[in-house]
Protein chains: 2
Amino acid sequence: MNPSLYLRDPEQSELGKNIIKHSIQLIHDNGFEAFTFKKLAESIGTTEAGVYRYFENKHKLLVYIISWYWGWIQFQLSYQTNNIEDPSIKLKKVITLLSTNVEDDITTGHVDEFQLHQILIAEGSKAYLTNHVGKDNKQQFFQPYKDLCNTIGEIILECNPKYKYPHSLASTIIEMAHLQNFFMNHLPTLTDFSKSKDEKEIIKYLEELVFNTIRI
Amino acid sequence: MNPSLYLRDPEQSELGKNIIKHSIQLIHDNGFEAFTFKKLAESIGTTEAGVYRYFENKHKLLVYIISWYWGWIQFQLSYQTNNIEDPSIKLKKVITLLSTNVEDDITTGHVDEFQLHQILIAEGSKAYLTNHVGKDNKQQFFQPYKDLCNTIGEIILECNPKYKYPHSLASTIIEMAHLQNFFMNHLPTLTDFSKSKDEKEIIKYLEELVFNTIRI
DNA sequence: TATTTAAGATAGTAATACTATTATTTAAAA
DNA sequence: TTTTAAATAATAGTATTACTATCTTAAATA
């Protein structure tokens, strides 16, 4: 994790882990706009000042938990594609991993991956859609996202070494896996999955999109 | 325009038009988070209370100007595709229209379309990425976006009547035309256009994506 | 035992997102 | 023309947010 994101490493103390745990819960339940350090402190049973000793502001905390998620996805991806040779099967794994509501990984006690996935769908783009995106980028806040994008881009190039837009296609897969899910559940007429509301439909749509464009 | 978005119709008075004009300017310059009714009032030369007589809150004002933009795009689209029969040429027009930085339309005195396009790229998704998206949707706040999505979906079906995901592909085109532009300018490693920073590259990428997926 | 360090408790401030009241100007209706 | 209503301007006030500062206590470390 990028140390510029925090003032004190939340992984190193009980209070820190509680900040992460309750942040995920509260952002998931009420959305990022309604999330405040005061509510977070009350939920933990500490004070506002206590939270501020770990994170400068709520935006950095959001970027922190999102970075955590991308790191976890990166790990899941390398784990799940470990022994696979066929790049198009790998790419299918990528699409499925990004589109599927993950189950909570019990090995990470203070992080609920299911809720984190939901947060990414609804709040993920708020990490970079700010007027200080340039500054944040200079401080490497989006490195885990970029790393994942590069990993996926490489798999795309394994499928077709001549494909010209591996990074753009990778970011399209990531963003659309989330956005089509959001639309399916909240603005269904913007999708074609309104009847079933089934993630598998999103996977089918994305697979068709991706494999038709890279096989020229 | 949906009357639930405003308390008093801003098109009907000078103050109203000034609210729209200066909102676009301020949101464009400083981003939506930094935008407040107080700053807006100061910029116009009126009072905070004056702005509140037109709009309940800044979120509704954002949705208003975004709706205005989608209505304008819808008009531009029907105007530009008026005499075109070939649906794939129409679809190319759609991609170009959404991806290109429009010039300011001088017939709309109080609206700067160039700035509005930039606002849509950086702030567009904030209109619906809220925890009250369901309520807003029930009040038809997103109708202009849905209408545009349907129009594009119909053009897609003209190209291939058997294509199964016309709405999802339409929303993908709209969102990616904006997001790839944002990434190109602010997080270039997430795209393949970092060297040229040219919108035409985004158009080429999207055309390849779209036409390869609908021609099965 | 002395000394850092983290946490808890409390207070305070500037800005934000509103609401309310009153006075003044403008414009339409009687 | 006068009356009346509507829009605007001016001012004040509140709850909440997003912080900063300080002081005390508890626990870990040297």
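DNA strand D has 16 residues around it, the closest being A:Glu48, A:Tyr52, A:Asn57, B:Thr46 and B:Tyr54 (near here means a heavy atom within 4 Å of the strand). This is a predicted model, where local features need pLDDT of at least 70, side-chain atom pairs count only at pLDDT 80 or more, and totals for chains, interfaces and linings use all residues. Residues are numbered from 1 along each chain as its sequence is written, chains are lettered from A and ligands numbered from 1 in written order, and side-chain values use heavy atoms, with hydrogens and water left out.

**Around DNA strand D**
- Of the strand D atoms within 4 Å of the protein, 55% sit in sugar or phosphate, and the rest in bases.
- Base nitrogens of strand D get polar side-chain atoms from A:Glu48 at 3.2 Å and from B:Arg53 at 3.1 Å (a polar contact is a pair of N or O atoms within 3.5 Å; within protein, one must be able to donate a hydrogen and the other to accept it, and residues adjacent in sequence count only if both atoms are side-chain atoms).
- B:Thr46 goes for the backbone instead, with a polar side-chain atom 2.9 Å from a phosphate oxygen of strand D.
- Helix H3 (residues 48-52) of chain A gives the most to this surface, with three residues (helices are DSSP runs of H or I, at least four residues, numbered from the N terminus).

**Chain A meets chain B**
- Each chain puts in 45 residues (contact means heavy atoms within 4.5 Å).
- About 4100 Å² is buried between them, 60% of it from carbon and sulfur atoms (buried area is the accessible area, 1.4 Å probe, that two parts lose on being put together, summed over both).
- There are 24 residue pairs in polar contact across the two chains, both residues at pLDDT 80 or more.
- H9(A) gives the most to chain A's side, with 13 residues.
- Salt bridges between chain A and chain B come to zero (that is, a side-chain nitrogen of Lys or Arg within 4 Å of a carboxyl oxygen of Asp or Glu).

**Salt bridges**
- Over all chains, the count is ten.
- A:Glu158 pairs with A:Lys90 at 3.3 Å; Glu158 of chain A is in helix H8 and Lys90 of chain A in helix H5 (residues 87-99), so the pair ties together parts 68 residues apart in sequence.
- A:Lys126 and A:Glu123 meet at 2.6 Å, N to O, and both belong to a salt-bridge network with A:Glu33.
- A:Lys126 is buried at 7% relative accessibility, and A:Glu123 is buried at 6% (buried is under 20% relative accessible area, exposed over 50%, partly exposed in between, with a 1.4 Å probe and protein chains only).

Note on methods:
Helix = DSSP H or I, 4+ residues; strand = E, 2+ residues; numbered from the N terminus.
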